[in-house]
Amino acid sequence: MFSASPHIKVACGNLDFAFRLFQQVNATETQQANWIISPLSASLALGMTANGAAGNTLEEIKNTLGFGTFELAAMNSYNQKLIKELLNLDNTTRLNIANS
């Protein structure tokens, strides 16, 4: 899906975040048999938050997302490309993203 090597490296970190998020929620949601979570939404929200962060907070966000060694520009570029490519998967795909 992504032709540029940096995007593949960022995607691997983001995929790791998604699986860790699922594992954590699954381990803590013992009262509910059915639940749904969107790693994409969590990743995009934390990515936007990272753009306003600095110092240790920024590094913690990047490490949590699996983007530890990447600059914000690489994260932002990956997120923009991901959104674009998701919309291009097929003409029935609908992606609504809202900022509050």
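A nonpolar core is a set of buried Ala, Val, Leu, Ile, Met, Phe, Trp, Tyr and Cys residues joined through side-chain atoms within 4.5 Å. The exercises below use a predicted model.

**Exercise 1.** Find how many residues the largest nonpolar core has, and which helix supplies its largest share.

*Solution.* Start with the count: the largest nonpolar core has 15 residues. Next, pick out those with the most contacts inside it: Val10, Ala50, Ile61, Leu65, Phe67, Met75 and Tyr78. Then turn to the helices. α1 (5–28), α3 (55–65) and α4 (72–88) each supply at least two core residues. The largest share, five residues, comes from α1.

**Exercise 2.** List what methionine 75 touches, leaving out residues up to four places away in sequence.

*Solution.* Methionine 75 contacts Gly47, Ala50, Lys62, Leu65 and Phe67. Lys62 returns in the next exercise.

**Exercise 3.** Locate the salt bridges of the structure and place each in its helix.

*Solution.* There are three salt bridges.

Step 1: aspartate 16 pairs with arginine 20, with the closest N and O atoms 2.8 Å apart. Both lie in α1, four residues apart, so about one helical turn separates them.

Step 2: glutamate 59 meets lysine 62 at 3.8 Å, N to O. They are three residues apart in α3, again about one helical turn.

Step 3: lysine 81 bridges to glutamate 85 at 3.7 Å between the closest N and O atoms. These two sit four residues apart in α4, about one helical turn.

**Exercise 4.** Is lysine 62 buried or exposed?

*Solution.* Buried means under 20% relative accessible area. Lysine 62 has 6%, so lysine 62 counts as buried. Its partner glutamate 59 is partly exposed at 34%.

How values were computed
Residues are numbered from 1 along each chain as its sequence is written. This is a predicted model: local features need pLDDT of at least 70, side-chain atom pairs count only at pLDDT 80 or more; totals for chains, interfaces and linings use all residues. Side-chain values use heavy atoms; hydrogens and water are left out. Buried means under 20% relative accessible area, exposed over 50%, partly exposed in between (1.4 Å probe, protein chains only). Contact means heavy atoms within 4.5 Å. A salt bridge is a side-chain nitrogen of Lys or Arg within 4 Å of a carboxyl oxygen of Asp or Glu.
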